[in-house]
Amino acid sequence: MGRVRSFYGSSVGKKTIMGITGVIGVLFVIGHAAGNLLVFRGSEAMNAYAHFLKSTGELLWIVRITLIAAVILHIVAAVQLTARSRTARPVGYAKRDPQASTIASRSMRIGGFLLLIFIPLHIMHFTTGTLQPAGVFSPVDVYGNVVSSFRIWWVTAFYVVVMAFLGLHLFHGAWSSAKSLGVAPPSPRPLKKKVALLVAAFIWIAFTAVPLGVYAGIVK
């Protein structure tokens with residue numbers, strides 16, 4: 001336990017935790033995005049997929065608990081690393097040079113905060129039905145829930161904005177995770193960055209296509 005505590009207490013340990021939990025998150029959203037695209041195949045395909053997930057019972061709960069734990073560890077490690085960085089440099093740079101940074105890296109904090117708000121709202125919207133912007137919710141008709149919700153312009157707009165930040169967050173997080181975990185050697189043109197871009201682009205397009213498809217009347 002002492003070694004584990006010492007490892008977690010180090011900056012390297014926290015970055016490793018962020019890398020591992022980030023990979024777990026990426027794998028989940030890839031599967032989630034692929035499942036969401038079934039909405040374009042119609043209500044039968046979408047609802048059958050949702051029914052299959054619920055039928056897995058304990059396995060589904062194991063995935064949920066693992067994901068929740070990963071999100072909590074990811075957030076805690078990120079906050080602690082940020083606090084440690086600020087403590088190490090209490091006075092900011094007189095002049096910040098953003099040449100080595102990207103929009104994705106500069107938006108990590110605001111994107112992370114927005115996703116922290118979005119995740120529980122999304123669960124209450126489509127999983128528990130606690131939030132019902134359309135005034136209706138069916139635990140068995142997931143397709144109907146999606147269509148009725150995204151016919152509302154502000155719901156669609158909210159999801160589209162959040163998915164843009166999710167794409168940026170995943171792009172930076174995916175390739176930095178590979179660096180933190182040491183699975184990719186340093187390179188002036190790293191392959192991991194191209195792979196991260198492809199993954200982030202797929203997830204962003206998949207998640208954005210659903211609300212826009214419904215609002216545009218492609219999905220009815």
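This is a guided tour of a predicted model, stop by stop.

**Whole chain**

Start with the protein chain in cartoon view. Expect 9 helices and 0 strands. From one end of the sequence to the other, the pattern reads α-α-α-α-α-α-α-α-α. Now switch on the surface. The chain exposes about 13900 Å², and carbon and sulfur atoms supply 70% of that area. Of the 220 residues, 31% are buried. Contacts often span long stretches of sequence: among those between residues at least 6 apart, 72% join residues at least 24 apart.

**Stop 1: helix α2 and Lys 14**

Select residues 11–36, which form α2. Then pick Lys 14, which sits in this helix. Is Lys 14 buried or exposed? Lys 14 counts as buried, because its relative accessibility is 4% and the cut-off for buried is under 20%. Show its surroundings next. Setting aside residues up to four places away in sequence, Lys 14 touches Phe 7, Tyr 8 and Gly 9, along with Ala 77, Gln 80, Leu 81 and Arg 84.

**Stop 2: Thr 21**

Stay in helix α2 and move to Thr 21. Thr 21 has 8% relative accessibility, so it counts as buried. Which residues does Thr 21 touch, beyond those up to four places away in sequence? They are Ala 70, Leu 73 and His 74.

Focus on His 74. Thr 21 and His 74 are 53 residues apart along the chain, yet their C-alpha atoms are separated by 5.9 Å. Their side chains make a polar contact at 2.9 Å. Draw one more distance, this time to Met 18. The backbone oxygen of Met 18 lies 3.2 Å from a polar atom of the Thr 21 side chain.

**Stop 3: Ser 85**

Select residues 58–88 to light up helix α4, then pick Ser 85 within it. With a relative accessible area of 46%, Ser 85 is partly exposed; it falls in that class because the value lies between the 20% and 50% cut-offs. Add Ser 11 to the selection. The two serines are 74 residues apart along the chain, and 9.6 Å separates their C-alpha atoms.

**Stop 4: where α3 crosses α7**

Select 43–55 for helix α3 and 142–150 for helix α7. The two axes come within 7 Å and cross at roughly 120°. Show the side chains at the crossing. From α3, the contact uses Ser 43, Met 46, Asn 47 and Ala 50; from α7, it uses Val 142, Tyr 143 and Val 146. By class, that gives 5 nonpolar residues, 2 polar ones and no charged ones.

Zoom in on Asn 47. What does the Asn 47 side chain reach at 2.9 Å? The partner is the backbone nitrogen of Val 142. Leaving out residues up to four places away in sequence, Asn 47 touches Val 140, Asp 141, Val 142 and Tyr 143.

**Stop 5: the nonpolar core**

Some background first. In soluble globular proteins, nonpolar side chains tend to be buried together. Here, the largest nonpolar core has 31 residues. Select the ones with the most contacts inside it: Val 39, Met 46, Val 146, Phe 150, Leu 166, Leu 170 and Phe 207. Then colour the elements that give this core two or more residues. They are α2, α3, α6 (108–126), α7, α8 (153–181) and α9 (191–215).

Pick Leu 166 next. Apart from residues up to four places away in sequence, Leu 166 touches Leu 115, Ile 203 and Phe 207.

**Stop 6: along helix α8**

Keep α8 selected and go to Met 163. Met 163 is buried, because its relative accessible area is 5%. Outside its neighbours within four places in sequence, Met 163 is in contact with Phe 118, Trp 204, Phe 207 and Thr 208. Measure across to Phe 118 from C-alpha to C-alpha. Met 163 and Phe 118 are 9.9 Å apart in space and 45 residues apart in sequence.

Finish at Phe 171, also found in helix α8. Phe 171 is buried too, with a relative accessible area of 15%. Add Val 199 for a last distance. Phe 171 and Val 199 are 28 residues apart in sequence, with 7.4 Å from C-alpha to C-alpha.

Definitions and conventions
Residues numbered from 1 in each chain as written. Predicted model: local features only at pLDDT ≥ 70, side-chain atom pairs only at ≥ 80, totals over all residues. Heavy atoms only, no water. Helix = DSSP H or I, 4+ residues; strand = E, 2+ residues; numbered from the N terminus. Polar contact = N/O pair within 3.5 Å; in protein donor to acceptor, adjacent residues only side chain to side chain. Contact = heavy atoms within 4.5 Å. Buried < 20%, exposed > 50% of the residue type's maximum accessible area, 1.4 Å probe, protein only. Areas by Shrake-Rupley, 256 points an atom, 1.4 Å probe, with all protein chains shown as cover. Axes fitted to C-alpha atoms, helices over the stretch in contact; angles between N-to-C directions. Nonpolar A, V, L, I, M, F, W, Y, C, P; charged D, E, K, R; others polar. Core = buried A, V, L, I, M, F, W, Y, C linked by side-chain atoms within 4.5 Å.
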